[in-house]
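Reader: I keep running into words like "buried" and "paired" when people talk about proteins. Could you go through one with me and show where such words come from?

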Amino acid sequence: MNISLNWLSTHLDLSGKSISEISDLFTFAGVEVEGIVTKGIASEKIVVAQIMEAVQHPDADKLKVTQVDAGEGQLRQIVCGAKNYKVGDKVPCCLPGAQLPGGFSIGETKMRGVESKGMLAAAEEIGLPKGEDGLLILPADSPIGVPVKSLFDSDTLLELEVTPNRPDLLSRRGMARELATLLKTPLISEKLPETSASAASPDFIRLEAADACPFYSATRIDGVKVGESPAWLKDRLASIGLRPINNLVDITNFVLHETGQPLHAFDAAKVTLPLVIRHAKDGEPFTALDESVHTLTPDDLLISDASGAALALAGIMGGLDSGVTESTSSILLEAAYFAPSGIRRSSRRTALSSDSSYRYERGADPQAVLPAAALAISLIESNATATQTAGELPSPPSPVALDLGKLHHLLGDSISTEAAEEILTRLGLAKHPDSKWAIPSFRQDLTRHIDLAEEITRVHGLANVPSRLRATFVPTSDVDAAYDADMILRRRLAALGLYECQTIKLISETQLADILPLRPMQDGDVIRVKSPLSEDHAIMRPSIIPGLVASAERNARQQAKSIRLFEMGRVFRNAGGGKALDQESDSLAILITGHSNPSSWAAKDRPADLYDAKAIFSALLPNQTISLKPKDRENFALGAEIKAEDQTIGVFARLSLQRERDLDFTSPVFVAEMDLGKLRKLISSKSQVEDLPQFPGSSRDAAMELPLATANAEIEATLAKAKEPLLVSYECFDLFTDPTGVKIPADRKSIAYRFQYRATERTLKAEEVDLAHKGILELLRTTDGLVFR
């Protein structure tokens with residue numbers, strides 16, 4: 001059965017749910033998803049772009065290098081081979097990561113040596129019908145940067161395999177009811193209209209086979225005009241692969257797929273009342289709508305009229321001579337409940353199958369007969385007489401008792417009684433005072449305690465039921481490795497005197513000034529809560545820093561002298577200025593301010609500085625060389641990238657002076673946010689163990705004078721290029737400046753380094769150490785402005 005998500009969305013809110021999420025919900029609830037087909041444009045990364053420039057490719061006659069505006073704040077370079085566009089045209093731009101039909105993914109590449117950051121697309125390349133050769137030229141008023149899918153109709157079709165015991169899922173309303181239960185979301189569709197019905201007189205309906213047809217209804221509708229269906233109705237049917245025929249046939253097809261209740265319309269002019277519901281005579285012929293001819297048996301159920309003419313093979317297919325045509329002006333609308341076994345038997349024997357028989361033979365909802373007829377009558381919008389009925393609807397299913405003891409034993413006490421009862425209520429069941437549960441008419445398959453337990457289990461989720469096997473060995477998973485790495489980081493930070501915080505993941509608009517994301521934010525990257533409980537909880541945090549700043553502010557106002565905090569948690573943001581799916585990632589945030597050491601007679605108090613922060617980073621990753629690469633960050637006094645060897649693992653900054661004053665901090669506030677995923681990999685990587693040195697080493701000092709603006713990182717970068725095998729370590733142990741310019745020019749500084757030399761296989765001679773040291777000094781001389789003292 002095909003399900004259109006657009007159609008399904010008329011019954012419940014599916015916004016924010018991806019196709020994969022919906023597919024997983026159906027799968028884990030026992031409804032197999034056999035296929036997913038996207039109609040129209042699926043990817044959010046195919047956006048409207050305007051061609052701002054097009055120049056000839058330097059190495060290809062048939063290619064041009066274009067500069068396009070895709071709403072990103074800067075132009076994007078794309079190599080294109082199409083010829084049908086001009087500068088100023090708006091066209092579809094497939095950004096890196098866009099998924100095209102056929103499983104093709106767009107990325108950045110080079111075409112004949114020129115970088116191309118995406119693709120400009122033709123209509124058929126993005127899932128639209130084939131147009132003119134070349135690019136799809138969009139309307140001139142198309143907004144730049146918006147997804148192209150918003151300019152065209154699109155839909156997603158799920159091909160579902162519904163098990164025979166779940167006929168309630170063979171309708172859009174039934175499927176929506178199921179999905180609403182799984183999502184814990186209310187239905188938004190309107191209730192089916194009500195209709196007045198009265199017992200039929202014998203001259204209108206004569207029910208002679210109550211065993212095969214317990215209940216039959218018919219409504220005469222006059223003044224109908226057979227013609228083309230409205231656009232919305234044709235679109236609904238086309239979305240699930242049905243060909244629109246005319247308004248009457250289309251309405252009955254729509255009602256069948258909407259409610260799961262089959263209907264049939266007879267041309268009233270071709271019927272001699274009363275309608276007779278009877279068993280066929282042995283050998284009676286019947287010509288179906290598809291013009292196939294069948295010989296019937298007494299096991300087959302027929303709808304005939306007073307003349308004895310066979311109007312329809314009940315519940316399966318109408319007859320050729322009683323169908324609706326363009327000249328039809330009055331109809332008899334049939335809605336009935338047929339016994340499933342009889343329909344199944346006749347369908348198999350005659351090899352006739354239809355959407356109606358598919359539902360009848362599995363057991364249609366008897367309580368949907370009259371509401372479905374009322375829906376069709378309201379859509380036909382003509383003069384309808386009162387619906388007349390014959391027979392009686394089947395009795396509702398018997399109440400079923402739920403054995404709570406057995407349920408909890410079965411599920412290992414993984415669900416509370418209240419939660420289990422809440423699931424049954426969402427499924428449409430009602431609890432009786434005697435603890436039995438009333439079963440709705442559309443769930444004829446629920447007859448025993450175990451049936452209720454099965455419903456509770458599939459909605460609750462098998463993944464939530466604990467395994468009864470204990471102490472079973474399982475290999476280490478990525479989750480285990482991440483947890484172990486996080487605990488190592490926590491222990492190291494705690495040993496360094498930092499306290500762990502747990503702050504709320506929602507922040508206020510004003511706190512955005514404190515965010516320090518790993519990547520700078522773009523407009524649209526912030527995820528706002530649709531209905532926040534308060535202004536303080538209006539935004540999903542894109543950084544952990546605002547929560548730590550708020551915690552530090554409260555501590556400072558409580559006279560805390562030294563504040564050292566950290567937090568591990570999840571951060572949230574849109575990607576690409578909100579043009580892609582929301583992203584979640586794990587971060588580690590650190591904040592230090594106040595005294596660097598606890599007050600003591602043995603140590604002089606001094607405020608924490610960036611070197612304390614760098615020491616913390618180095619202690620977290622003792623096997624990595626940590627450096628800070630200056631990089632300005634908005635709203636902060638200074639900023640830097642945190643690098644482990646050559647890999648950027650985070651960002652570091654100091655709050656602006658104004659922000660520190662606003663928050664009543666008396667000392668500089670330093671913050672850092674680090675990529676927890678990268679830290680985990682570095683923590684989990686194998687460490688290399690070296691033997692203790694067997695031979696003594698020798699050290700040499702070097703004092704040098706250089707420009708005040710030269711960063712120590714430049715000196716370390718120069719030393720990192722050294723190829724001297726005897727050099728095992730070096731450190732800066734002295735720094736001197738004189739702002740007055742008396743002892744050293746004010747624009748110069750003096751620093752001193754100690755170099756350690758050692759060989760692994762022998763004790764070094766002084767001449768060897770001097771030669772190696774001389775090479776290091778010559779390397780340092782290449783630094784601009786450096787002279788040795």
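Author: Sure, let's take this predicted model and go from the whole chain down to a few strands.

Reader: What makes up the protein chain in terms of helices and strands?

Author: The protein chain has 18 helices and 42 strands.

Reader: How do you know that the chain isn't just a compact globule?

Author: Set two values side by side. For 789 residues, a compact globule would have a radius of gyration near 28 Å, but the protein chain has 38 Å. Its C-alpha atoms also fill a box of roughly 125 × 75 × 55 Å along the principal axes.

Reader: What share of the residues count as buried, and what does that word mean here?

Author: Buried means under 20% relative accessible area. By that cut-off, 45% of the 789 residues are buried. As for the accessible surface, the protein chain has about 40,500 Å² of it, with 52% belonging to carbon and sulfur atoms.

Reader: Why is strand β38 called largely enclosed?

Author: Count its buried residues, meaning those under 20% relative accessible area. Strand β38 covers residues 669–675, and six of those seven are buried, so the rest of the structure largely encloses it.

Reader: Which strands pair with β38, and how do you know that they do?

Author: Two strands pair if there are at least two bridges between them. Strand β34 (residues 583–594) has seven bridges to β38, in the antiparallel sense. Strand β37 (residues 647–655) has five bridges to β38, antiparallel as well. So both pass the cut-off of at least two.

Reader: Which residue of β38 is the bridge partner of Ile590?

Author: That's Ala672. Ala672 is also the bridge partner of Phe652.

Reader: And what actually holds paired strands to each other?

Author: Strands of a sheet pair through backbone hydrogen bonds, in a parallel or an antiparallel way.

Reader: What makes β30 and β31 edge strands?

Author: They belong to an open sheet of three strands, in the order β30-β32-β31 with antiparallel pairing. Both β30 (506–507) and β31 (527–528) pair on one side only, which makes them the edge strands.

Reader: How do you know that β30 really counts as paired with β32?

Author: Back to the cut-off: at least two bridges are needed. Two bridges join β30 to β32 (residues 539–540), and the two strands run antiparallel, so the pair qualifies. Within it, Ile507 stands opposite Ile539 of β32.

Definitions and conventions. Residues are numbered from 1 along each chain as its sequence is written. This is a predicted model: local features need pLDDT of at least 70, side-chain atom pairs count only at pLDDT 80 or more; totals for chains, interfaces and linings use all residues. Side-chain values use heavy atoms; hydrogens and water are left out. Helices (H or I, at least four residues) and strands (E, at least two) are DSSP runs, numbered from the N terminus. The radius of gyration is taken over C-alpha atoms; the globule rule is 2.2 Å times the number of residues to the power 0.38. Buried means under 20% relative accessible area, exposed over 50%, partly exposed in between (1.4 Å probe, protein chains only). Accessible areas come from the Shrake-Rupley method with a 1.4 Å probe; for residues, only the protein chains shown count as cover.
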